[in-house]
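Me: I am new to this structure and would like a close look at one part of it. Could you walk me through the small sheet where two chains meet, and then through what lies around it?

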Amino acid sequence: MRIRAAAAAALASASVLSVGWLVGAPAVESLRSTLTTTLSSSASAEATTTTASGLGTSSGSGTSSAATTTPETTAPAAEAPAATEVTGTFDGSAVQTRFGPMQVSVTIDNGTITEVTPLQLTNDDQKSVMISNRAAPILRDEVLSAQSASVANVSGATYTTQGYLQSLQAALDAAQF
Amino acid sequence: MRHSSSVVSGGYAGHPAITVESMGTVISIRIGAAAGNAGFPHDEALRAAARQAVADVFRGWNDRFSLYREGSELSRVNRGELRLTQAGSELRDCYALALAWRDRTDGVFTPHRADGAIDLSGIVKSLAIAHAGEALYGLGLRDWSLNAGGDILVAGDQTPGLDWAAAIVDPLDRSARLASVPLRAPLRAVATSGSAERGEHIWTTVDGALSPFRQVTVFGRDIVTADVLATAIIAGGRPALHRSTETFPIEVLAVLRDGSLLATPGLRADSA
């Protein structure tokens, strides 16, 4: 409910798209349906504006987003001829989040958002990270396994002093790395 | 990997780890062979100093916070002999930190026992690890690893250019490893919670059900965050897992009750 309200209130901002993405898939779905409705209702005006500003190309990568365009064009809707619905790919501007800069792209087909794609998400070290850091099922042989020769420490559930004696750690501690 | 295995074994003869007993477990200290550790690893006086520094830090925290010690400051607070407001700033700061983590984890992590007593054991060990690391810095050591009962914090390199790495124990076969992960900056701390070693020491989820996880390992930027979140995810189940990975810059490897695994993207082999 909170997410839907936020989506409606700040529809114009690409940053909200980003936040919606962060919050999770349901939020994005919610945003998507809200955006789609709005875009359809103001599609005629939008078509005019996007054509005028040259952003309406199908493979466009303009700097302003569809979402930003929407509110500007809601008012003069009456003067637009109801021709084609907006189609194209629009990049939102990068916004700062506590996860680092984030940017999304929306693909719109005849006034309907068909895809929301994360374009940019970096952490403090400028290394790309996944938008969603969700833990997902993984097979044992798919887990990261560095060269065992360099491993001096073992992490496991807390062992007692007694448990230590039988632990892998005790064996490694005796080794002269 | 930045280096081949030949570099790892390349002519460096190290020492066994330095070990200290405290808080009911064993702390393993290793000093890296980097150039920054002047005189190490052949300086026995420095090895002894490192051991003493770590032992002193752990004893200090244990004396103040252990509930196994009747005379500890926290035991006195819990018996009502000492008001919280009269307790030392270390205890109050520690309690405040634990309460902050309670809020960050929606109450899943808590410094309060069922009987109402304040129990800071959930963060005391990791705080001691962090402070022990600072003590090693104070000795001029820049490359070291500390492992206190399976919770690990590292600094610098193991050997010049080679990251410290941590193996994650397999809870189904404690002589086997699930993964071996380089502890690269910024994720230099790792903590594991589970039910295998001390019985079901984190019994259930917040709603009273058995935890879906047998073991949870969290890689974080600091040892307190890693330790608290590992505990919170065991206790909070999948909602706590997903909330933690969405909120904090961590990697998580979780072992479900049936032995199957969940991992964040950074722990996949192809992400290295």
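Reply: Happy to. Let's start with one pair of residues: Asn153(A) has Ala166(B) as its bridge partner in β5(B). Please keep in mind that this is a predicted model.

That pair belongs to a link between two chains. Strand β6(A) and strand β5(B), which covers residues 165-170 of chain B, run parallel and are joined by 3 bridges. On to the next pairing: β5(B) and β6(B) run antiparallel, with 6 bridges between them. One place to find this pairing is Val169(B), which stands opposite Arg177(B) in β6(B). The connection from β5(B) to β6(B) is a hairpin through 2 residues.

Put together, these 3 strands make an open sheet with mixed pairing, in the order β6(A)-β5(B)-β6(B). Its edge strands are β6 of chain A, residues 153-155, and β6 of chain B, residues 173-182, each of which pairs on one side only. On average, neighbouring strands here are turned by 40° against each other, direction ignored. As general background, strands of a sheet pair through backbone hydrogen bonds, either parallel or antiparallel.

Now go back to Asn153(A), since its side chain has a partner too. The side chains of Asn153(A) and Ser145(B) are joined by a polar contact of 2.9 Å. Ser145(B) sits in strand β3 of chain B, residues 144-148. Ser145(B) counts as buried because its relative accessibility is 0%. Beyond its neighbours up to four places away in sequence, Ser145(B) touches Asn153(A) and several residues of chain B, including Ile29(B), Leu153(B) and Trp164(B).

From here we can step into the interior of chain B. Leu146(B) is in contact with Ile29(B), Val54(B), Ile129(B) and Leu136(B), among others further than four places away in sequence. Leu146(B) is also among the residues with the most contacts inside the largest nonpolar core, which has 63 residues; Ile29(B), Phe58(B) and Trp61(B) are others in that group. Helix α6 of chain B, residues 223-247, gives the most to this core, with 11 residues. A second, separate core has 21 residues, and Ala166(B), the residue we began with, is one of them.

Two helices are worth following next. Helix α5 of chain B, residues 121-138, has 18 residues and reaches 26 Å from its first C-alpha to its last, close to the 26 Å expected at 1.5 Å a residue. Its buried residues include Ile129(B), Ala132(B) and Leu136(B). The buried residues of α5(B) pack against β2, α2, α4, β3, β4 and α6 of chain B. After α5(B) comes Gly140(B), whose phi is positive, near 90°.

Helix α2(B) has 22 residues, which should span 32 Å at 1.5 Å a residue, and its end C-alpha atoms are 32 Å apart, in agreement. Val54(B), Phe58(B) and Trp61(B) are among its buried residues. The cover over the buried residues of α2(B) includes β2, α5 and β3 of chain B.

Finally, here is another place where the chains touch. Thr245(B) lies in helix α6 of chain B. Thr245(B) is buried, with a relative accessible area of 2%. Setting aside residues up to four places away in sequence, Thr245(B) touches Asn133(A), Arg134(A) and Ala135(A), as well as Ile250(B), Val252(B) and Thr264(B).

Methods:
Residues are numbered from 1 along each chain as its sequence is written. Chains are lettered from A and ligands numbered from 1 in the order in which they are written. This is a predicted model: local features need pLDDT of at least 70, side-chain atom pairs count only at pLDDT 80 or more; totals for chains, interfaces and linings use all residues. Side-chain values use heavy atoms; hydrogens and water are left out. Helices (H or I, at least four residues) and strands (E, at least two) are DSSP runs, numbered from the N terminus. Buried means under 20% relative accessible area, exposed over 50%, partly exposed in between (1.4 Å probe, protein chains only). A polar contact is a pair of N or O atoms within 3.5 Å; within protein, one must be able to donate a hydrogen and the other to accept it, and residues adjacent in sequence count only if both atoms are side-chain atoms. Contact means heavy atoms within 4.5 Å. A nonpolar core is a set of buried Ala, Val, Leu, Ile, Met, Phe, Trp, Tyr and Cys residues joined through side-chain atoms within 4.5 Å. The expected span of a helix is 1.5 Å times one less than its number of residues. Two strands pair if DSSP finds at least two bridges between them. Axes are lines fitted to C-alpha atoms, for helices over the stretch in contact, and angles run from 0 to 180 degrees between N-to-C directions.
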